[in-house]
Amino acid sequence: MSDATVSLRPLVMRNVPRLVEICNQMQVARYLAHMPHPFKRSHAKRFVTFGMENPGLVFGIAFDRLLVGALQMRDQLEYFLDPKYWGKGIATCAVRQALDRLFSTTLQQQVKSGYFIQNKASGRVLEKLGFVKSIQQTTTTRHLSMALHQSMILQRVRWLTKPALKKEK
C-alpha cells in the first residue's frame, strides 16, 4: 500500500452519510468502546462538528479519494475503517500519516492507543508502527461484554529515532 493512495483529510458535513454507512456496520462498532449502534446522522454530525472545531484531531481516511474510515487523536489515537477495506494496509498508512503529522507539528511526547484482543489486525497495525504494550484490562463496552483491552503507547523519541517505523512495510 502506498501513502499516495491513502490520505487524511478534514471531515466535512457532506461526509455524514458515508460515516453513517460505515459506522452502522456491527463489524466496525463492536471494536469501538463508545460507538453507538445504530449510528445515526446526529452522531455523525456531532463527530464531524467536533473535527471542524478542533482541526488536527479528527480526520477522514480516504483511499483513492473515497472516504473509507476516520481517525481521531483526542485522549488517544482511535481509528476505524469500512470492513470492505480491511487487510489492504490502509489503516497502517493512515495511522503512519497521522503520527508523522502529530510529531512534526507538536511537542507531544507520547501517543496512547489500544485494541480489543479480538481485533488482532488492529494490534498488528499499532505494533508495526512502534507502539509497545502497556496494560491489559478487562472492560465492558456497548457491544462486547467483558472484553480484554490491550493499551499501547508510542514514545515520540522512538518514532523520531527509528526511521523504519515511518516507512511502508
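Me: Helices (H or I, at least four residues) and strands (E, at least two) are DSSP runs, numbered from the N terminus. On that basis, where does aspartate 82 lie?

Reply: The model is a predicted one. In it, aspartate 82 belongs to the loop that joins strand 4 (77–81) to helix 4 (90–105).

Me: Does aspartate 82 count as buried or exposed?

Reply: Buried means under 20% relative accessible area, and exposed means over 50%. Aspartate 82 has 0% relative accessibility and therefore counts as buried. Once neighbours within four places in sequence are set aside, its contacts are Arg18, Ile22, Gln25 and Val68.

Me: How is leucine 160 classed by accessibility?

Reply: A residue between the two cut-offs is called partly exposed. Leucine 160 counts as partly exposed because its relative accessibility is 42%. This residue is part of helix 6 (residues 156–161). Between leucine 160 and lysine 112 there are 16 Å in space, C-alpha to C-alpha, with the two 48 residues apart in sequence.

Me: What backbone features deserve attention in the loop between strand 2 and strand 3?

Reply: Two residues of that loop, aspartate 64 and arginine 65, may be read together. The loop runs between strand 2 (58–63) and strand 3 (66–73). Phi is positive at aspartate 64, about 50 degrees, although this residue is not a glycine. Arginine 65, also not a glycine, has a positive phi of about 75 degrees. With 77% relative accessibility, arginine 65 counts as exposed.

Me: Which sense, cis or trans, does the peptide bond from histidine 37 to proline 38 have?

Reply: That bond is cis, with omega near 10 degrees. Proline 38 is placed in the loop between helix 2 (26–29) and helix 3 (41–53).

Me: How should one describe the packing of helix 1 and helix 3?

Reply: In general, two packed helices are described by the angle between their axes and the distance between the axes. Here the axes of helix 1 (residues 16–23) and helix 3 cross at roughly 115 degrees and come within 9 Å. The crossing of these two helices is right-handed. On the helix 1 side, Val16, Pro17, Leu19 and Val20 meet Arg41, Ala44, Lys45, Phe47 and Val48 of helix 3. Of the residues in this contact, seven are nonpolar, none is polar and two are charged.

Me: What is the order of the strands in the open sheet of three strands?

Reply: The order is 5-7-6, and the pairing is antiparallel. Strand 5 (110–116) and strand 6 (132–139) are the edge strands; each has a single partner strand, so one side of each lacks a neighbour in the sheet. On average, neighbouring strands of this sheet are turned by 25 degrees against each other, direction ignored.

Me: How many bridges join strand 5 and strand 7, and how many join strand 6 and strand 7?

Reply: Strand 5 pairs with strand 7 (residues 147–155) over seven bridges, and strand 6 pairs with strand 7 over six. Both pairings are antiparallel. The register can be followed through individual partners: valine 111 is bridged to leucine 154 of strand 7, and phenylalanine 116 stands opposite histidine 149 in that strand. From strand 6, threonine 139 has alanine 147 of strand 7 as its bridge partner.

Me: How many residues of strand 7 are buried, and which strands does helix 5 lie across?

Reply: In a regular strand the side chains alternate between the two faces of the sheet. Strand 7 is mostly covered, with seven of its nine residues buried. Helix 5 (residues 120–128) lies across strand 5, strand 6 and strand 7, at about 155 degrees to strand 5.

Terms used:
Residues are numbered from 1 along each chain as its sequence is written. This is a predicted model: local features need pLDDT of at least 70, side-chain atom pairs count only at pLDDT 80 or more; totals for chains, interfaces and linings use all residues. Side-chain values use heavy atoms; hydrogens and water are left out. Two strands pair if DSSP finds at least two bridges between them. Axes are lines fitted to C-alpha atoms, for helices over the stretch in contact, and angles run from 0 to 180 degrees between N-to-C directions. Contact means heavy atoms within 4.5 Å. Buried means under 20% relative accessible area, exposed over 50%, partly exposed in between (1.4 Å probe, protein chains only). A crossing is left-handed if the near helix is turned anticlockwise from the far one by less than a right angle, and right-handed if clockwise. Ala, Val, Leu, Ile, Met, Phe, Trp, Tyr, Cys and Pro count as nonpolar, Asp, Glu, Lys and Arg as charged, and the others, Gly among them, as polar.
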